[in-house]
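Grab a coffee and work through these exercises with the model open beside you. Each one sets a task and then walks through a solution.

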2 protein chains.
Amino acid sequence: MFERRKTKQLYIANVGIGSSFPISVQSMTNTDTRNVKATVEQIKQLEEAGCELIRVAVVDKQAAQAIKAIKQEISIPIIADIHFNPELAIESINSGVDALRLNPGNINNQEAIQQIVTLSKQKQIPIRIGINSGSLEKEFSHLPIVEGMVSSALKHIKLLEDFDFNLIKISLKSSSVPITIKAYELLAKTVDYPFHIGLTEAGTLKAGSVKSSIGIGHLLIKGIGDTIRVSLTENPVEEVLIAYEILKALELRQHGINFISCPTCGRCQIDVISLAKAVEEKLKGIKTPLTVAIMGCVVNGPGEAKHADIGIAGGDDKCVLFKKGQIIKTVEQKEVLDLLIKEISSII
Amino acid sequence: MFERRKTKQLYIANVGIGSSFPISVQSMTNTDTRNVKATVEQIKQLEEAGCELIRVAVVDKQAAQAIKAIKQEISIPIIADIHFNPELAIESINSGVDALRLNPGNINNQEAIQQIVTLSKQKQIPIRIGINSGSLEKEFSHLPIVEGMVSSALKHIKLLEDFDFNLIKISLKSSSVPITIKAYELLAKTVDYPFHIGLTEAGTLKAGSVKSSIGIGHLLIKGIGDTIRVSLTENPVEEVLIAYEILKALELRQHGINFISCPTCGRCQIDVISLAKAVEEKLKGIKTPLTVAIMGCVVNGPGEAKHADIGIAGGDDKCVLFKKGQIIKTVEQKEVLDLLIKEISSII
């Protein structure tokens, strides 16, 4: 529905990133990476939720070495998040990491950069250049923030290109939606590397979901973005769930149930809010794509939700069950939840 | 930051709608409008949350008459939601309603339409034409859905314009984000009436917030939208809160606290998630605009959140309190919540 920006392609292990691949969903652990057990446990929960790439913070040598043990227990590619210290990059590569997040310009050592790039090229390990508006280099502080972020990205890109390395993806994050959007839009005019999109420090579940949905959503509508991370001050599983809600809303990916439910109004004759919550809870974790409608009134319900695979609409004392807009059955209100779940289970 | 689409202007009582006014926030009650006490109570909760316009369903004559009593108890303008029945529009106007939502094309009675328009013009009562993709007239069903919605809107507009009435605002809602966006973008090229923007049947709190944020957010970025309604299968107070989160994220309105909080990672030394939730809870209801940062690590925290009015950043066993990026004080972790709340209270 939206024309995607054409980009170079790369692979992080078996996950393709770029305009010919689906937009992938990633997250980051908030465990201590050196605690292999806790980190593996969290990654497994994230995998279960649909996470396709996972990033871990590499704070020291022990964390870099832990990647080896973590990798043996998980099924998705692992990315090392590194700041400043080139040894941690080398150590992570030696531990079998699938990709790096590393800003080469922050390493004031040409030899070290060359060593990282040589190893990364050998092992086909992509590097994400991750610019954050809050930690921009002093040399760009005279520029307006959007231009500063883009200039910083271009500097880091050049450092890698000078070593003939192009397994690059780029992010340009800010906690401000307008700044984030403008930075990506500006850089998209200049380079054709794939983009990791998202905001940083977006906030708690509610406010952070709104910010991420607007920022990531707008960029995706403009065709920009090849892998997404929703950043929330929350259990990272929520990041993955919100990421899929964004992709589903834009019909870019399918993932589990798509709910259509009316806001209820003075016309409403059943408790739509409770029923919708109960249905949502019962169907949590289902990955089969299915559109389910919960509508308050029988007059407009089936018609307004005629594209739904299945749905119910409330009436005076009875409800109707409908499939693709056609009424199938009339039932008592108290039976409706069980019947709906039963019918959905039989479809799946 | 985003150039707003130039529109005609109108007033709903004292609330200006159109490109020279702030984007207003509205919601709809889900009480039985005939139950004046319950409806007033809900509207008061909505006012408290920042709701600026309220719509009620008018299902019969008794509901239309209830508007008179409701209006005496509330402070914000009230809009009657009417389908098909012209008498309910007349009755609502006689009850002192401030605006109507009514699709004149659904009333097959020229005389009745003329009567409504004459009264509306006399009393300067605007009419919203509210097109929903799910209940489009049969005459437009041969068209692609977006074109069908726009054609339906144009038909209804012409009916009002033929009576020389132009206190019109328009909505074009669907539960699909892409369809909603495209419909508004298409109609924006043709008419200059103000738009009420939003999705319909967007779903439960989480999924519905994501859909509404993307759809409403994208349109606002494009300069489209003069009043917004977030539609959720939830207590309508949540609709108002999410609406303000959208407007705050795009820096179009200020409303209470703007939280910057990091997603936490393996580097994090304090429990940012619990702290952020506690601070958010304690500051709920505050309307003074203020940016508050809760950051996990002291290294990047104050720098990354230097535009925050106030913030804290976690360290090994102590935290720092900073204002506008400058560290003010170092405190024990257990004291940090109380101190932050105290400092914020003194600012407010």
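**Exercise 1.** Sort the residues of the lining of the second largest cavity into nonpolar, polar and charged.

*Solution.* Start with the residues themselves; keep in mind that this is a predicted model. From chain A, the lining takes Ala207(A) and Lys211(A). Chain B brings Glu245(B), Lys248(B), Ala249(B), Asn258(B) and Phe259(B). Now sort them: Ala207(A), Ala249(B) and Phe259(B) go in the nonpolar bin, Asn258(B) is polar, and Lys211(A), Glu245(B) and Lys248(B) are charged. That agrees with the tally of three nonpolar, one polar and three charged.

**Exercise 2.** Work out which elements give two or more residues to that second lining, and find the one that gives the most.

*Solution.* First, the space in question comes to about 40 Å³. Next, the elements: on chain A it's H7, while chain B offers helix H8 (236-249) and strand E11 (257-261). The top contributor is H8(B), with three residues.

**Exercise 3.** Find how many cavities of 30 Å³ or more the structure holds, then describe the lining of the largest cavity.

*Solution.* The search turns up two cavities of that size. The largest has about 50 Å³ of space. Around it sit Phe2(A), Arg4(A), Ile23(A), Leu220(A), Gly223(A), Ile224(A), Gly225(A) and Leu252(A). Binning those gives five nonpolar, two polar and one charged; Arg4(A) is the charged residue, and Gly223(A) and Gly225(A) count as polar.

**Exercise 4.** Characterise the interface between chain A and chain B, going from its extent to its polar pairs.

*Solution.* Begin with the residue counts: 69 from chain A and 69 from chain B take part in the contact. Then the area: about 5700 Å² is buried between the two chains, with 60% of it on carbon and sulfur atoms. Moving to specific interactions, there are four salt bridges between chain A and chain B. One pairs the side chains of Glu234(B) and Lys277(A), at 3.0 Å from N to O. Polar contacts across the interface add up to 18 residue pairs, both partners being at pLDDT 80 or more. On the chain A side, the elements supplying at least two residues each include helix H6 (177-188), helix H7 (205-221) and helix H9 (272-282). H7(A) gives the most, with nine residues. By character, chain A's side divides into 29 nonpolar, 23 polar and 17 charged.

**Exercise 5.** Explain why the salt bridge between Asp226(A) and Arg5(A) ties together parts far apart in sequence.

*Solution.* Check the geometry: the closest N and O atoms of Asp226(A) and Arg5(A) are 4.0 Å apart. Then place the partners: Asp226(A) is in the loop between H7 and strand E10 (227-228) of chain A, and Arg5(A) is in the segment before strand E1 (10-12) of chain A, so the bridge joins parts 221 residues apart in sequence. Over all chains, the whole structure has 42 salt bridges.

Terms used. Residues are numbered from 1 along each chain as its sequence is written. Chains are lettered from A and ligands numbered from 1 in the order in which they are written. This is a predicted model: local features need pLDDT of at least 70, side-chain atom pairs count only at pLDDT 80 or more; totals for chains, interfaces and linings use all residues. Side-chain values use heavy atoms; hydrogens and water are left out. Contact means heavy atoms within 4.5 Å. Buried area is the accessible area (1.4 Å probe) that two parts lose on being put together, summed over both. A polar contact is a pair of N or O atoms within 3.5 Å; within protein, one must be able to donate a hydrogen and the other to accept it, and residues adjacent in sequence count only if both atoms are side-chain atoms. Helices (H or I, at least four residues) and strands (E, at least two) are DSSP runs, numbered from the N terminus. On a 1 Å grid over the protein atoms alone, a cavity is a set of points where a 1.4 Å probe fits but cannot get out, and a pocket is an open set with protein on both sides within 12 Å along at least five of seven lines; lining residues have an atom within 4 Å of a point. Grid points are joined across faces, edges and corners, and a volume is the space filled by probe spheres set on the points.
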